[in-house]
Structures are given as C-alpha cells and as structure tokens.
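Trainee: Could you walk me through one part of this model in detail? I would like a close look at the small sheet, and then a word on its surroundings in the chain and on the partner chain.

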Protein chains: 2
Amino acid sequence: MVRLNKHNRAQYENHIIEVLKQGDKDAFRESFLELHPTDQADIFVKLEGKMRKRVYEYVTPEEFAEVFQGLEVEEQKQTVQEADKKYLYEVFNNMYADDVADFLGEVQENKALEILTSMDQEEADDVKELLSYEDETAGAIMTKEFISIASMDRASDVIQRLRQEGPDAETVYYLYVADERNKLVGVVSLRDLIVADPGEIVENIMSTRVVSVTANTDQEEVAKLIRKYDFLAAPVVTNDGVLVGIVTVDDVMDVLEDEATEDIGEITAAKGATDVNISSFTAAKRRSPWIILLMFFGMITAGVIGQFEETLESIVLLAAFIPLIMDSAGNTGTQSLAVMVRSLATGSFEKKGLAHTIKREFGTGLMLGLICAAVLMVIVPIIYPGQLMLGFIVAVSIFLTLSIATIIGAVVPVAINKLKLDPAIASGPFITTVNDILGLLIYFSIATALLQYL
Amino acid sequence: MVRLNKHNRAQYENHIIEVLKQGDKDAFRESFLELHPTDQADIFVKLEGKMRKRVYEYVTPEEFAEVFQGLEVEEQKQTVQEADKKYLYEVFNNMYADDVADFLGEVQENKALEILTSMDQEEADDVKELLSYEDETAGAIMTKEFISIASMDRASDVIQRLRQEGPDAETVYYLYVADERNKLVGVVSLRDLIVADPGEIVENIMSTRVVSVTANTDQEEVAKLIRKYDFLAAPVVTNDGVLVGIVTVDDVMDVLEDEATEDIGEITAAKGATDVNISSFTAAKRRSPWIILLMFFGMITAGVIGQFEETLESIVLLAAFIPLIMDSAGNTGTQSLAVMVRSLATGSFEKKGLAHTIKREFGTGLMLGLICAAVLMVIVPIIYPGQLMLGFIVAVSIFLTLSIATIIGAVVPVAINKLKLDPAIASGPFITTVNDILGLLIYFSIATALLQYL
C-alpha cells in the first residue's frame, strides 16, 4: 500500500488517471481502492464526464458509496444525473443514513421521494426519520448507525458482537446501553470493555452518568458539550429517554466550522454568502439585499446630516471629520460585538455572568473615549491651525460616541440572543450603522450648540 | 452513580459543597469522585480558599490531577499558590505531559524550572520536549501518552497490553506501529484489531497509508487534516519519520475554536482582545492601539476631504452622502474579506483556484455597484427634490467604489497570506479605511469635475 503525501500525491493521481484512461480496470481498482475515501473523492472530482462514467463501471456501488459521501453537493448532483439508476440506489443503500439525508435535503422534493422509495425499507426509514428533524439540531446531524447493548451482556459477548457489527457502525468506541424499552441507561467505552474481565457483565462496568442531548437540541449546544467533555460522541434521546441516534465528533468539527463561518457572516453582513463555490451572479444576488438595506440606513444618515445644513455652511470643515467619527464609533462597536459573539459561541459567559461583561465593556469604552479625545484635542489644531474649537467639538464627540458605541456593540447581540430573534440583526454593519447615526447626531448637535459662542 | 444535567446539577453541587463544609470526607469523596472531571472542575472553581484547601486534603494528588487539567490558567496558578509543594508535584506527575507543558508555558521561567526539577525524570523530559516546540505547532499541542506497537505483535498480545497500558494513554483507539528505530510504519485502529483474528500479526492488518504531520507543522494544518479525513488522532513524526507524539481530536476542536476567534479578531481589529476574562483596563490597553491607529487613518481621510473645501462650499449637501459612500464601500469590502478569510481557513481555495475566486469577486462587485447606482439615481432626487446632478454624482461614485472595494477586500488578505505577512494588516477596519479613502476621492473628484457644468 502507498502513503499519500504532498510529495507523491501528484504522481500517484496521474498514475490512477492514466490507467483509467487506458481502460485498465484491474490496475485502476488496485490503485484507487487502496486510497482513503477522502483522497478517492479528491481524485474523482478531477475527472471529466466520460472518465467519471468509467469509474461507475469499474467500482461497485458499495465501494462508490464511500466516494460519494466525500463529494460536495454539486458534485453529488452531477453523479446522480450521470449514473445508472440501479447503480445509484445501491450507492444510497450503502451510505450512512445521515449522509443520504444531507443529500436529499439539497435536492427537489420529487427527486428525494423517488430515491427514498427505491431504497431498502429499513434504510429509507432511517433517512426519513433524520429528514423529519429541524435543520441544525442534534436530530438532523446524528447518525443511526450506532451500537446499543444490554446491561446484562458480558464483556466478551459484546466484543464478539463487535466483530460482526463493527464494520457497519459509525463508531465502535462508545457503546450505549439501553433497557428493554430502548431507554438509555448507561455507556461503556471500548477502552473500559477491553480493560474489564471478559466475564464481567456490562452493568458493572458501565457509567450511568451519561450526558445526552435530545433530538431538538441545537447543534451548537451539542458541539459545546462534546468539546467541553472531550467526548468522541454524544447519544441523542427522545423526551422519554429513548435512544434514537448518536452525534460523532467528526460531525461536531464540521458544526464548529459552520458556526464560525456563520458568526463571521453575521459580523460582516455576508451571511449565507461566504461560499466560494457559487457564481458572481449568485453571490451578488445573496449579498445585495444586505448592501441595499444598509444603503437605506445610509440615506437616513444623509437625512440627519441634511438637517444640519446651516451648521455645515458655517464650518464646512466639520464635514472633514465625519469619517473619523463614524469609523471610530464603528470600530469600537465592532470590537465589542466580536467579544460578545465569541463569548456566546464558546460559552465563556456562563462563568463570568452577563452583567459583569457588559460593565466591563462600558468601562473599556470610557477609557477608549478618553484616550482618543486627548489625542484629538492635540492633533486637530496641528492639522488645521487655529481650529481650537473644531478640535474641542471633535474630542467631546468622540468621547461620548465611543462610550455609547461599546455598550451598543455589547448589549445588542446579547439581547438578540436572549429574545431568540434572528441574530443577523445584530450583525456588525447594523451596529455600525446605529453607532454612525448616534455619533453624527452627537457631533452635529455639539457643533450647533457651540456655534453661537464662535 | 448519578447523571448530571440541567435539572439536577444545582442540587447535586449544593450537596457536595454542603458535605465539604461539614468536613464529611467520605461523603464528599463519594459524591465528588463519581463526577466527570469537567464537572469536578466546574464545582471546584466555585469554592472559597478555605474549602479549596480542604479538597487538597480529601482527594489524592492522582485524583486531583484530573481536576487540575480542567481548570483555566488563572485558577491553576491559584492552586499552585495554595497547595502543599509535595502534593503539587504529585499532581504534576500524574497529569498528561501536554497539560503540564501548557501550564508551564504560562508561568514565570524560574517557577517552571522549579516544578520541572521536582518532577519524575521521565515525565519531566516529556514536558521539556513539548516546551521546546514553537507555539501553535503540532509539537506544541501533541501528547506523549500514546501507544506504539510492533508489526510482528499478534492482535491478542496487543489487546492484552492495552489492558495494562490503556488507562494511562490519551487514546487507545489508534495504535501506531513503529519499527526498531522508532520510525512510524503503520497504524491499526482498535476496531480493526477487534475484528481481526486474535492470532493475526499486526503487519497483516495495519494500514501503511498513514497520514502524518511533522512536529513543526502549523496547528491549523493539523486541524484541517484531522477534519478532512475524520480522524480521531494524527501521528507526529520528526523529519526522519520517528514517531514522537500524537495530536488528538479533542485538542483539534480547541484549535478550530481558537483559529475562528483569531479570524474574527482580525476582521474586527480586536485581535488578542476578544477574551472576556480580562479587566476593562486590560481590554482598553489591548484594543486602544487599533482604535488610535485607525483614528490616524481617519485623519488622512479628514485631510482628503479638506482638499475639497471649495467643492464642499459650493454644494454643502455633498457632505450628507459621505457616510453612505463610506459605509457601502466598507460593507462590500468586508463581505469580500469574509469570503476570503473563510476560504483560506477551510481550504476551499485549493479546489477552485485563486484567480477564479478573485474574478468571481470582481464580477460580484460590478453587479452590486450597478444595482446600488440604479437605486440611488431614483431615490436621491426624491429625498432632495431637484438635486438630479447630486443623484448622478452619488450614483456614478457608488458604482466605481463598489467595483474597486470588492477587489481590495478579496486581494489584500490573499496577498498578505502569500507574502506571509502578519494577516492583521488585512483586517476589516484597514480594508474599510482604504476603501473609505478611495471612495471619497472618487466621490469628490467626480463632484469637482462636474461642478463646472452646473
């Protein structure tokens, strides 16, 4: 067998593509099938249509199921269009139910139904159950291929059973113990099982202290739990405690990445549009609502400034500091937002408490405001000689603005989270816009008030 | 045994704290030690100094080592100050080497040396080795407690050995096969071992296709690898292929979270300051350099606008649209940045190629610019009746600005990444500032040029 790394990867890939082109089925199977399914998928997506079809001929549906699971949705759809129906249904029958459900969630309903009805009954039922759970819940990401054992089984019997069932289960390292009504009563790790005396019954080695989640638990909660306890999997139960599936750590890693992408999308108002595998047109379509909506907020700001036309006519240079006030308010607000979004995601809140964190942010805002005000009092009259009053207006405005900006940046995401509203409203650009308007109102109000003393 | 969940947690915690206060050692040990170490740590940090000292009396150093590993650095430092030295050294001897190294990396050098010299030689050597690797590399996050076996071992012998060594190893689910010179030659999963015939030798069941990393591989690369292949661990080798440690999936989850926090810090210029466990003063100290630096960029913008004082005096209302131009430029640029940062982090680039992605972003920018320009041509004259020319100036400016803003948002982070510069320069606020200045230059230049036709 070969070991694929950055040095031999290209050479090995070329060899596989070469023998495939030559139509050397045996050589292709030998080289291709000894690769990790992830590498198989990487090579498969590089093939043209004709060669892809040849792969369907050369490898069995059972073998191809592993490749299919490693493909992106768009590539999976292409396979579904290209390959023979009978072949496809065997592929689906050999996939993990959660991977089939993920794919069916992305295709049209009638297509999904067609695939489901052609699959084996038992497998199709698992998939249907997974599809019935809401997106981003434990139920939607769990797998049905887990091993459950009885508390009176002996260690040696369980190990014997693993010999048969092991290859089909998604993990054999945690074995969940269920009673006769399928209720979860304990967990045994394979480590404990191996260390135990072969004649020992499961009841004496299992831990009854099982941390479980329900099928409608948010996937982010499941990820936090698995990460907190360093688990390899977590059991999913119904409200009555009946074991229905497990969530494994590899799915949790994907959840962590997805949630981070979502957080960044929220901070930057690019939610749902950070995918690079879409066209310019699709990207523009997804992002433009945000940009246009935010532009309308810009119109409000324009209206606010318009109200102060007289003040502006008296000191045209006030306009020069609009960007500085806006950017400083936006930047401090976004910093606070970042702190809060990460705290919510990693759960560091639960330790320190909300009030503490908000007080902390307000304190930070006051200090940032003071520092910036001091700097501006000195610098502005240097850049625009003689403009002492302008420096004073800018400095006082920045102090008030930054103090308020941190609070808004800190409170809004938490409030949104508490009220269970769509957190997108708490995104960076919205907070920035609110802070802009407040900052400019403060700035022009102070300027207008002080104008009479000029 | 009990199962801790949100319903019984408070009650159970109160019980433990109660028996501890009463000085009932047996009752405390019974309740406390049956908890998961993570839960033990959660309860321990809620105790006052006097009660913490009582815990050191009641539980053995070996038992406390598991609690200590679950504490935050600040709390670990407190324990080191409170507890008896002999007790502490036993705690360190019973911890995983990587957890000791993590802690020692956070204390003063002389303190670290004192602890190292008092530890058992073998354990101390492991810790010293881990400390010698650079931060954020595979070497720094790997564990030394792994099980390596020989290719001629029989399956049943290996399982027999696991019975003894299993409890001390960080994972028993992947067994790495090393030759007589300690070079990594294969890997066997415990699953394969159990499914195999007990008399079979390791060589016949192991996979020689081992994906490994070297000790100086970046931790983000290790995380990507483990996530890509759904591994539970990855072996770490020297440049000569000698097996020196393993990185486990639970450490990778922490890496994924840390890297996401870092990404968000960069996008929001709050790098290194998103921690909630610091005081207002520390937070202000860490964040103010960013805010002040960005404020100086604001001064440049102020200077740019100052150059157009005459134009502004002719049409004061130009000032009203400064925020709209700036925000739109900033928002589109940040969206592109977010796409790029996530693509770099998740590795989706490698599939599509850089040129493709940048072309995509530019196309998106042109479309966004066209849409926004069309909206503004209609809306501006409605808000400010008769200001057709103002609408035209704003619309043309927004079209040019957005087209350029997406390119800057997309190219800068990639260039920074390629040039191996500090990616913080590519942070959201910097890109926003560059886009602001460009946008306003475009806006006022167009306005000045068209002024003569008014």
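Mentor: Happy to; we start with the sheet, then turn to a helix residue and the contact between the chains. Keep in mind that this is a predicted model.

The sheet in chain A is open and consists of three strands, in the order E1-E2-E3, with mixed pairing. Its edges are strand E1 (148-149) and strand E3 (184-189) of chain A, each of which pairs on one side only. Look next at how E1(A) is attached: two bridges join E1(A) to strand E2 (residues 174-178) of chain A, and these two strands run parallel. Within E2(A), A:Val177 is the residue that A:Ile149 stands opposite. As background, strands of a sheet pair through backbone hydrogen bonds, either parallel or antiparallel.

Now move along the chain to A:Thr357, which belongs to helix H21 (residues 354-383) of chain A. A:Thr357 counts as buried because 20 other C-beta atoms lie within 10 Å, and the cut-off for that class is 20 or more. The C-alpha atoms of A:Thr357 and A:Val411 are 9.7 Å apart, while 54 residues separate the two along the chain.

Finally, the partner: chain A uses 102 residues to contact 103 residues of chain B. On the side of chain A that touches chain B, helix H17 (residues 280-307) of chain A gives the most, with 17 residues. By kind, the residues on that side of chain A are 55 nonpolar, 28 polar and 19 charged.

Conventions: Residues numbered from 1 in each chain as written. Chains lettered and ligands numbered in written order. Predicted model: local features only at pLDDT ≥ 70, side-chain atom pairs only at ≥ 80, totals over all residues. Contact = placed C-beta atoms within 7 Å. Helix = DSSP H or I, 4+ residues; strand = E, 2+ residues; numbered from the N terminus. Nonpolar A, V, L, I, M, F, W, Y, C, P; charged D, E, K, R; others polar. Buried ≥ 20, exposed ≤ 12 C-beta atoms within 10 Å, placed from the backbone. Pairing = 2+ DSSP bridges.
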